[in-house]
Amino acid sequence: MKRKLSFTDSINSLEAAKESFSDPDNSTPKSTWTWPTRRRYDQDASIVFIGPRATGTSSLAVIAASIQGWKVIDCDRRFEEVTGSTKQQYHSAHGVESYRRRKLEVVREALESNTKNCVFACGTIAAREKTDFFMRYARHHPVVYVMREQKLIQDYLGLADDEGWKSALDHMHSFFRQRSNIEFFNLDEGQEPLWQTTLTLFLEKKRFPGSGQLVCPLILRKTCAHVSLLLQNVFGPLSPTNYQGSSQVIPPSDIEWRRGSHVLRVGLDDVKRGVDHIHALDSDHDAVQLCVAPRDHEWQSLLLQDTLAWAVATLRRYLDVPVIVDISRPAVSTKPSPGAYLNMLRLALRLAPEYLTIDLGAEDNNIKEITQAKSFTKIIGCYHQEHPEDDFWNSAVLIRVYHRARDLGCDVVSISCPCQSFNDNIKCRQVSETIARLGLQTPIITFNTGSLGRLSQVLNDCMTPVIDENQGKNEKFGLTSSRQLRAIWHGLVPDSRPMYYVFGAEVKQSLSPAMHNAGFSFSGLPYTHQACETVQVGVVGQICSQESFGGASISLPFKSEVLALAARQSTAVKLIGAANTLIPDRSASRPQNSHQVRLDNTHAKIQLMAENTDWIGIYVCIAKHCTPANHITKHTSALVIGAGGIARAAIYALVRLGVGNIFILNRTISNACKVKEHFESIGDDLERSDRHSSPAVPSFHVFRSPTEPWPEGANLPSVVICAIPVRADEGTTEYPSELRDDWFGSATGGLIADLSWKRRATTLGEQLREAKFRGWARIDPIEILYEQGCAQFELFTNKKAPRKAMLDAFLEQYNATYTV
């Protein structure tokens, strides 16, 4: 029998809610929080997760603590430690008011004595004092209010399906908002991008033939990724975050400097249509713009409810790109006052989005308030004239608009209007170039709307708004899809380097061409990727010198040999000593700001750049599959089997993840020692190569034999990587024949990553494939190959990889080539 919601151990939230909702004249929708004047926090400032039961505050605190490498403090457990009683026992013995006061004392003492490098999980806390401690604490610390779908809370707590529990949760919603400065909507872990679900189901069917269900344990993979994103949006990109979980090689937060970046416009009603509609959206855009245009009666409900937080979280979860919150400013003649618009912007900032638009028609003091409180959210100042005067784009007013937006603190400026004639597209471009010549570090977006304005959208440098191809035409803005804009661009400026290759001794069955060709086709790029099987590096050099060469995937045995062909090497290639990617290097002819690349640079003579994405695939998959119990620290141990180029890439990935102890096992001990000496000799470079890595350079060890016991004093490994390639002409013997069982004795289990899917049915192969040891999970090499391929696509194209289209082609080719 389901029970009714009771607040016997909670807050008197009804009074707080009434106080928050009071609005005598009903002219301006009221916010239900205290607006913080400070939104930048010290890098080591403790963070608090608060919220009612069943929202997941404890799990989120553990995840955040594992990411930051900080101490986690659960306030309920602290109460029991201090009082020697559970909350139920203390409540029964001393009464409700005494319990509330004592709990507040315990929590306050814990927060005041642990102001740095701690993560707190706090449930419902209240006493009847007029002054609330959390309101003061939130001035200098992030206090994150955690929300969840009401149906999940109802089911978890077994609440009766009546209006009482909904009303009670609404009151609690008001209470927690007043005592926080950030909001986080905790989505169910089962919600994830369609490509991830497709890949997981494929891997499970491959491992357990005949099974149609997902049997792998949930490890809060997507929640971990979103908590990591939250921490970076709160503390900034320099925070010591060692979790990434993304193979994007292009910084997703810098799309305003990326030439040709596209932003998908999605309405709030589109998000409400459900998962199937979101899954159908194009996946090759660089950001998603949540367009919120409230009707007169919707302003108040949007401010009081969690709809906006849910929509932002949903788009982040399914589309995995930066979110731009765009709230339409109400017309002067409509009912909501200007205060309603400002309150909505304040609410949006509490969600810590990557970008937030603000109408430059707002008052200067309102714009300044938002830009001064933006923290790490970037503000886009928008100037759109729906009814422009004649010769709008020749007006000197636009230059003044740009300078005003900069002076008020906007990070990006957008200027647009309906196109009145085809010539307006040329004038629009001229305004963009005039502003670019000022040399200021504030990107400009300029475009015309309407069907006549499409050319201006093609010529716009960055953050061009687009719609999904399945949405049809956008009558108001006359927008089109990313693929159509690229098709128009390449029709105007034919690409002289459309040929891409995979080079290697055994690449006839490579999956790379299918995956990259699918990505090219989906993105509207007129490129072709094909296999070139050869054992002569001279052939590679000859093809790479051709004018049509656009890029190449490099397989064995050329990963070290191709370095001689490249004029430049990435940091990763220099430290690993091997490359798996060659691309033309246009850096010499590229201006400082990528949005200023000129059309005449397209055919410039180009040298080669050596890159490596092998390490990215390994890095992403380990980060993605790590559980909070196995989060990587300077005490983590990892075992790498092998000493070749792929082993070096694996070691580099482990270093970037922050692993503190790396053990190497190889048949030829001298080669393992060379790898150890190589990484020890570049220790300082390793430390500086990644600002998110562990602050200490790892220690390296070489095993003389696979029968050696694990060294005393060192933690048992929680990551095992087999980096021994398997070739078709090799025998059936393998080194080592097997690994010691006690090497897998970590109390928290771990991850096994075998980097070859051609591993034979040997004892070692069975160990790696089955991961039978308690608490150990296996990362399939197919997933690693797919992740490095997506990263490689982005290096080839400077575009976000269309992951679902590439995955479908990748798996189809795999089944056709390797499935018997």
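Asp320 is found in the loop between α14 (307-319) and β8 (323-327). This loop belongs to a predicted model of a protein chain whose secondary structure comes to 30 helices and 25 strands. Of the 820 residues in the chain, 56% count as buried. Among contacts between residues at least 6 apart in sequence, 79% join residues at least 24 apart. The points below begin with the surroundings of Asp320 and then turn to other parts of the chain.

**The α14–β8 loop and strand β8**

- Phi of Asp320 is near 55°, a positive value in a residue other than glycine.
- As general background, most residues other than glycine have a negative phi.
- Asp320 counts as partly exposed because its relative accessibility is 27%, a value between the limits of 20% and 50%.
- Beyond this loop, strand β8 holds Val325.
- Val325 has a relative accessible area of 0% and is therefore buried.
- Leaving aside residues up to four places away in sequence, Val325 touches Leu290, Val312, Ala348, Pro353, Tyr355, Leu356 and Thr357.
- Leu345 lies 20 residues from Val325 in sequence, and the two are 8.9 Å apart in space, C-alpha to C-alpha.

**Helix α14 against helix α10**

- Helix α10 (residues 221-235) and α14 have axes that come within 11 Å and cross at roughly 120°.
- This angle makes α10 oblique to α14, because it falls outside the range of 65 to 115 degrees for roughly perpendicular axes and is not over 145.
- The crossing of α10 and α14 is right-handed.
- From α10, the residues in the contact are Lys222, Thr223, His226, Leu229 and Asn233, while α14 supplies Ala313, Arg316 and Arg317.
- Sorted by class, the contact of α10 with α14 has two nonpolar, three polar and three charged residues.

**Ser375 and strand β10**

- Ser375 also has a positive phi, of about 55°, although it is not a glycine.
- The position of Ser375 is in the loop between α16 (364-372) and β10 (378-384).
- Ser375 is buried, because its relative accessible area is 11%, and buried means under 20%.
- Lys378 lies in strand β10.
- The side chain of Lys378 makes a polar contact of 3.3 Å with the side chain of Asp254.
- A polar contact of 2.6 Å joins the side chain of Lys378 to that of Glu256.

**Arg483 in helix α20**

- Helix α20 (residues 482-492) contains Arg483.
- With a relative accessible area of 26%, Arg483 is partly exposed.
- Not counting residues up to four places away in sequence, Arg483 touches Glu469, Ser521, Phe522, Ser523 and Gly524.
- One of these residues, Glu469, is 14 residues from Arg483 in sequence and 8.2 Å from it in space, C-alpha to C-alpha.
- Another, Phe522, has a backbone oxygen that the side chain of Arg483 reaches at 3.5 Å.

**Helix α21 against helix α29**

- Ser523, touched by Arg483, also takes part in the contact of α21 with α29.
- The axes of helix α21 (residues 512-523) and helix α29 (residues 781-797) come within 10 Å and cross at roughly 50°.
- This angle makes α21 oblique to α29, because it is neither under 35 degrees, as for roughly parallel axes, nor in the range of 65 to 115.
- The crossing of α21 and α29 is right-handed.
- On the α21 side, Met515, His516, Gly519, Phe520 and Ser523 take part, and they meet Leu785, Tyr786, Gly789, Gln792, Phe793, Phe796 and Thr797 in α29.
- The residues of this contact of α21 with α29 divide into six nonpolar, six polar and no charged.

**A cis peptide bond**

- Leu556 and Pro557 are joined by a cis peptide bond, with omega at about 10°.
- As general background, most peptide bonds are trans.
- Pro557 lies in the loop between β16 (549-554) and β17 (568-569).

Key
Residues are numbered from 1 along each chain as its sequence is written. This is a predicted model: local features need pLDDT of at least 70, side-chain atom pairs count only at pLDDT 80 or more; totals for chains, interfaces and linings use all residues. Side-chain values use heavy atoms; hydrogens and water are left out. Axes are lines fitted to C-alpha atoms, for helices over the stretch in contact, and angles run from 0 to 180 degrees between N-to-C directions. Helices (H or I, at least four residues) and strands (E, at least two) are DSSP runs, numbered from the N terminus. A crossing is left-handed if the near helix is turned anticlockwise from the far one by less than a right angle, and right-handed if clockwise. Contact means heavy atoms within 4.5 Å. Ala, Val, Leu, Ile, Met, Phe, Trp, Tyr, Cys and Pro count as nonpolar, Asp, Glu, Lys and Arg as charged, and the others, Gly among them, as polar. Buried means under 20% relative accessible area, exposed over 50%, partly exposed in between (1.4 Å probe, protein chains only). A polar contact is a pair of N or O atoms within 3.5 Å; within protein, one must be able to donate a hydrogen and the other to accept it, and residues adjacent in sequence count only if both atoms are side-chain atoms.
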